[in-house]
Amino acid sequence: MLFNSIEFLIFLPIVFLGYWFIFKNNTKVQNIFIILASYLFYGWWDWRFLFLIFLSTVLDFFVGQKIFENLDDKKKAKFWLWVSMAFNLGMLGFFKYSNFFVDSFVDMVQAFGYDMKSTWTLRIILPVGISFYTFQTMSYSFDIYYKKLVPTKDFVAFTAFVAFFPQLVAGPIERASNLLSQITNKRTFDYAQASSGIKLILWGFFKKLVIADALAPIVDDIFANYHSYPASTLILGVCLFSFQVYGDFSGYSDIAIGTAKLFGVELMSNFKFPNFSRNVAEYWQRWHISLSTWFRHYLYIPMGGSRVSQLRAVRNIAVIFLVSGFWHGANWTFIFWGGLHALFYIPVYLMGRNRMYADNVVGENTLLPTPIEILQVLLTFFLVTFSRIFFRSPTLTDSFGYIKQIASNFTYEPYPHPMGYRMLDFYVLIGLFIVYEYLIRRHEREPFRFKSKMVRFLLYTIVVLGMLLFYDDGVNRSFIYFQF
């Protein structure tokens, strides 16, 4: 079920009313209701894959108990941890990467001059959200193994933790120490929390419908026909894709966080205005935060992190980014994208600037950013946007073809919108969006944080009218990160 669908607009009020008005006096019954609602939410797409979520839930609940029981015996505890990893990564590998490995093997054999055709490719449907919920359940086992968490004995609460529908299919990837503890404890309705949630949902829908979906036809057209366009259009296409993917994914996260608030649950922030980052390290502290922290806690630090020699630390950084690229998709384009980010990040780390902006924002004590900050933001945006040529292109051949076309046809031509709309409207839209996000750059969870009621009312009106004006039923409304 999509957030931006009629079904969800009917589903959410029904679940909300049942949760708070029918089952409010019993936490366990509330959790059972959430499980049923979450399974309906997921099963609306394809009910056959519900068994994967349930199987992962049962296994990690059991494994968590076994790890805890054997913490004094490191070998046994590690064995059970490997059981969790083997199952979840095996399931993820089969559904997401089987054909990638087969096709890569065939390509390698053909590169040596042998004529070989793949007869092993499977017609496998990628279950929505599998990369997210497998990582979430594995984090539970990791935290128990590293003695950061005591396993729950409440199977119902654990099942609700795994299947919690607001963040089930595209995150944020939550740790049990945050989400499970909230699900286990009694929740009471908080008007201020619910009001904050509705505002976040509204802002998330604006970013999805007005920014991401409005830009989608332009980006799709340019990337599909890059051979026919000059450099000016190709640069425009990848820049607009940066705003599209940001509006799409951060919009989803805002809707997820806002929806969770309606049920008395606080999810972690997943985006903190990454387009205003002053270097690539800061960018990754502000983009897809739940995935970045997952890799830091469960891969980077266990490998030694930065507490090892500089050479090994650089290796660890490279591994993290390559794995992150592979997590995003079974395609060499994503691995190359991850490798580029490693190349962009490592110099920042070697100069000791990777934590330089961890606790402040651009224009920290001033209304406007300094000239140096503007240059830093533009350079970071350029690097990140350049890498997205590989993220968006279907093959490496297309990625390099796109870059080659920019270099070989470095001319300017006005770009006509593929559906006949006036392009100036979209340029103004992006410009205003950038300005507004800069104004609220310290408050990612409070997009309408203004004291004046008149200003807030005006903003609500603009957002709603924007969604009505830019909504196009002919655009594919699915979220980009559903494919991961």
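1. Let's start with the inside. The largest cavity of this predicted model has a volume of about 60 Å³. Its lining is made by W203, K207, Y246, D254, F271, F273, E437, I440, H443, E444 and P447. Two elements give two or more residues to that lining, namely α8 (191–224) and α9 (231–262). Sorted by class, the lining of the largest cavity holds six nonpolar residues, one polar residue and four charged ones. If you go looking for others, the structure holds seven cavities of 30 Å³ or more.

2. Next, the open space. The largest pocket offers about 810 Å³. It is lined by 34 residues, and W284, Q285, R296, Y345 and R355 are the closest to its centre. Those five are a handy place to put your view when you open the model.

3. Which helices supply the lining of the largest pocket? At least two residues each come from α10 (280–286), α11 (289–300), α12 (310–328) and α13 (332–350). The most comes from α11, which gives seven residues. As for character, 15 of the lining residues of the largest pocket are nonpolar, nine are polar and ten are charged.

4. On to the charged pairs. Side chains of opposite charge can pair when their charged atoms come close. Searching the whole structure turns up 15 salt bridges. The next three points go through some of them.

5. R175 and D143 meet through their side chains in a salt bridge, at 3.1 Å from N to O. R175 sits in the loop between α6 (155–163) and α7 (179–184), while D143 belongs to helix α5 (residues 130–145), so this pair ties together parts that are 32 residues apart in sequence. Is D143 buried or exposed? D143 has a relative accessible area of 1%, so it is buried.

6. A salt bridge also joins R445 and E266, whose closest N and O atoms are 2.9 Å apart. Here both partners are in loops: R445 in the one between α16 (423–439) and α17 (453–470), E266 in the one between α9 and α10, so the pair ties together parts that are 179 residues apart in sequence. E266 counts as partly exposed because its relative accessibility is 26%.

7. The pair R286 and E282 is worth a look too. Their closest N and O atoms are 2.9 Å apart, and they form a salt bridge. Both residues lie in helix α10, four residues apart, which is about one turn of the helix. R286 counts as buried, at 9% relative accessibility, and E282 is buried as well, with a relative accessible area of 1%. Salt bridges with shared partners join these two with R278 and E373, giving one network of R278, E282, R286 and E373. Recall that α10 is also among the helices that supply at least two residues of the lining of the largest pocket.

8. A few backbone details deserve a check by eye. Where is the cis peptide bond? Going from G171 to P172, the peptide bond is cis, with omega near 5°. P172 is found in the loop between α6 and α7, and R175 of the salt bridge with D143 lies in the loop between α6 and α7 too.

9. K147 is not a glycine, yet it has a positive phi of about 60°. You will find K147 in the loop between α5 and α6. K147 counts as exposed because its relative accessibility is 60%.

10. H288 also has a positive phi, about 45°, although it is not a glycine. Its place is in the loop between α10 and α11. Is H288 buried or exposed? At 1% relative accessibility, H288 counts as buried, whereas K147 is exposed.

11. Last, the outside. I6, L9, I10 and I14 make up a nonpolar patch on the surface, and together they have about 430 Å² of accessible area. I10 lies in helix α1 (residues 6–22). With 51% relative accessibility, against a cut-off of over 50% for exposed, I10 counts as exposed.

Conventions
Residues numbered from 1 in each chain as written. Predicted model: local features only at pLDDT ≥ 70, side-chain atom pairs only at ≥ 80, totals over all residues. Heavy atoms only, no water. Patch = residues over 30% accessible without salt bridge, like charges linked within 9 Å, V, L, I, M, F, W, Y side chains within 5 Å. Areas by Shrake-Rupley, 256 points an atom, 1.4 Å probe, with all protein chains shown as cover. Salt bridge = Lys/Arg side-chain N within 4 Å of Asp/Glu carboxyl O. Buried < 20%, exposed > 50% of the residue type's maximum accessible area, 1.4 Å probe, protein only. 1 Å grid on protein atoms, 1.4 Å probe; cavity = no way out; pocket = protein on both sides within 12 Å on 5 of 7 lines; lining within 4 Å. Points joined across faces, edges and corners; volume = space filled by probe spheres on them. Nonpolar A, V, L, I, M, F, W, Y, C, P; charged D, E, K, R; others polar.
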